[in-house]
2 protein chains.
Amino acid sequence: MTTPPPRSVPTMRDVAALAGVSTMTVSRVLHDDPRITEETKRRVRAAVRKLGYLRNDTARNLRIGRGAGAVGLVVNNLANPFYSQLALGVGQAAEQQGLTVMLANSAGDDEREARLISDLMSRRVVGIIISPASDEHSHLAARALHGTPVVLVARPPSGIDADCVLVDDFAGTREACKRLIERGHTKIGFIGLPSTVWTGAERLRGFRAALADAGIRSDRRYIRYQESDVAAAEKTVRSLLAVSDPPTALFAANNRNMIGALRAVSRAGNPVALAGFDDFELADMLDLPLIVVSYDPVGLGREAARLLLERVVPGDADLPPRRVTVPTTVVEYGPPTGRLHLPGVATADGGGTASRPGRQASRRRAPVR
Amino acid sequence: MTTPPPRSVPTMRDVAALAGVSTMTVSRVLHDDPRITEETKRRVRAAVRKLGYLRNDTARNLRIGRGAGAVGLVVNNLANPFYSQLALGVGQAAEQQGLTVMLANSAGDDEREARLISDLMSRRVVGIIISPASDEHSHLAARALHGTPVVLVARPPSGIDADCVLVDDFAGTREACKRLIERGHTKIGFIGLPSTVWTGAERLRGFRAALADAGIRSDRRYIRYQESDVAAAEKTVRSLLAVSDPPTALFAANNRNMIGALRAVSRAGNPVALAGFDDFELADMLDLPLIVVSYDPVGLGREAARLLLERVVPGDADLPPRRVTVPTTVVEYGPPTGRLHLPGVATADGGGTASRPGRQASRRRAPVR
DNA sequence: CTGTTAGCGCTTTCAC
DNA sequence: GTGAAAGCGCTAACAG
């Protein structure tokens, strides 16, 4: 009502002065030190309330050597729901330890990533969770980071020691491709990730394994590597479908590629069956047969944070590097009423359709996001 | 090769000692002070490199009074793509000023929000960007925040002075609903947001305006208020469609409600036309007629950051509160080939279909995300 | 029970 | 050109 708008934040000294005590007493009251008189506590608390005092955690953390009391999170592409889900999980776990999340988007650029890491280090984050843009991890070595713990997400460390949380890329892809093959496909295209990305390599390996399992020879012409970007993926898929004797089915190595493939296939009016890594919202509403490799990105984030925090919170520092792999499930979506607008081989090949038990059952799984 | 793994981050003193100078000289070299000899600079820089020294910005910021050198971003629901896009925009703008983003998810909970704000204040962020969970904004008053600037996203300040960036909720909704009416609908349901949210109120107002413009009396039974959550929205829509004489069209007040409505409508096999706020990925692939109110969430985030940074960076502190409204576009999606699997009134009502010029043209707008 | 001193890592100010 | 002293806001350690 009467107090003028404050231009600067009050400090402990202001509180101490108002309460007529020393800053140390204020500090003790804030920590609820039992040795302080109730009467003193009351006076101090009144002063705190009056001034709207809030402890300066920046100063506090400096003093107690906790750095910024934040964990750094570096993601490739925040526009990809996978990463926002991941951030959600990391945030949940960090909050429980009273840590904030400093979020940075590398946009998949190696140099940018290095700059961001260095920035986070300057800010003295207690640890870093990162989905590295490439397999060049030397800037993440304990040496480079002065022992600040790092957890890699979705890629194993290459040439360095670090914890990581992985998705079972290989098994998931293999199983999904197996299902395509069971539906009668032998000519399957693969819209992969850049070959430098481990995830991409693993998913390609799973794809090849599925083909090999079925005795199908893989065809080079059907394999494309692709930055993860919807528009680019669409273009790539269009060109892939334009080869002579084109594939009858496609496996998209991630989220973004899958959406691009969807657009390309739908636009072409081509009866191509689709499978891909990463479940996505509305997959069940697309009214076309679809196989996705699903997992829980929020859980992945929580898990990453857990690994990190185990090294930060008590003192359990030098544990050996750990590797956690989260499982995947293959989910098959299909048209609600069996009408196939983009008839996949499910109808074209006859036969196999009846013997797919999981299909209707799994059509409407609880969406992860 | 030989150096043992460092357990603690080197300080300026370590560098000074190694270079045989004072910390002051190190500091000057880092700032590239012209008065320092080239020779000294060389020695210091060598020491910096050797130790892998990185300035402690926490300490630096404390000294120079820049708080944490971070902007706080509080969102309602990071799982909603709108907010991750927003975060992307904020991050882009913040980075240009050498600031990081501290991200926090309020989950739409007022109390949580208050705690998060207080936490960010403790960490001395230079400013806060927030999409408040409700219209209770007293905890965001300049008084409560000791003058730390705040920018509200998607809601105008209520009872406080603050900058805000808004979406043109009213005009967008009105136009979208107008299109539904032009397609022959008179019984239109509204899946709104909780009435305490300004956005919700505005969109409802737009809805009512569109009805009034067309001389349609609005029917209470058709209006629902709804926390923004896909599963809950689906349930709500189901119950809405179960009333006697149910609506033939629905307007969903946001992203989440729209997805829920999609599921409910599709499951019911009901020929209900859909419109809603927020464009979303795959809207054009759903193979059903759809009207969405579209805008650019990344731009919204950039704009919010711009407003905030104008108060932070130079000293342009006490500007008057500003209000920026970003425009919306109405986009109509429809089945690529005109096959309607969930025939909306577009076919059911005959008539209006031919006179919809923008339709094919706008079907495949550049997706915002 | 409460206060004083010192110092976290840096920079500002004033000396030399 | 470089250094010494003081202090940003807080707390650990020792007094009393």
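What follows looks at how two protein chains meet each other and a DNA strand in a predicted model. Local features need pLDDT of at least 70 and side-chain atom pairs pLDDT 80 or more, while totals for chains, interfaces and linings use all residues. Residues are numbered from 1 along each chain as written, chains are lettered from A and ligands numbered from 1 in written order, and side-chain values use heavy atoms, leaving out hydrogens and water.

Start with the DNA. Strand C is surrounded by 24 residues (near meaning a heavy atom within 4 Å), and A:Thr25, A:Arg28, A:Arg35, A:Thr40 and B:Tyr53 are the closest. Sugar or phosphate makes up 61% of the strand C atoms within 4 Å of the protein. The side chain of A:Thr25 puts an N or O atom 2.4 Å from a phosphate oxygen, and a backbone N or O atom of B:Met12 sits 2.5 Å from a phosphate oxygen. B:Arg63, by contrast, goes for a base: a polar side-chain atom lies 2.5 Å from a base oxygen.

Then there is the protein–protein side. Chain A and chain B each bring 68 residues to the contact (heavy atoms within 4.5 Å). About 6,000 Å² is buried between them, with carbon and sulfur atoms giving 52% (accessible area, 1.4 Å probe, lost on being put together and summed over both parts). In chain A, the residues that lose the most area to chain B are A:Arg124, A:His146 and A:Met285, together 13% of what that side buries. Six salt bridges cross the interface (a side-chain nitrogen of Lys or Arg within 4 Å of a carboxyl oxygen of Asp or Glu). B:Arg256 and A:Glu281 meet in a salt bridge at 3.0 Å, N to O.

Terms used: Polar contact = N/O pair within 3.5 Å; in protein donor to acceptor, adjacent residues only side chain to side chain. Buried area = accessible area lost by both parts, 1.4 Å probe.
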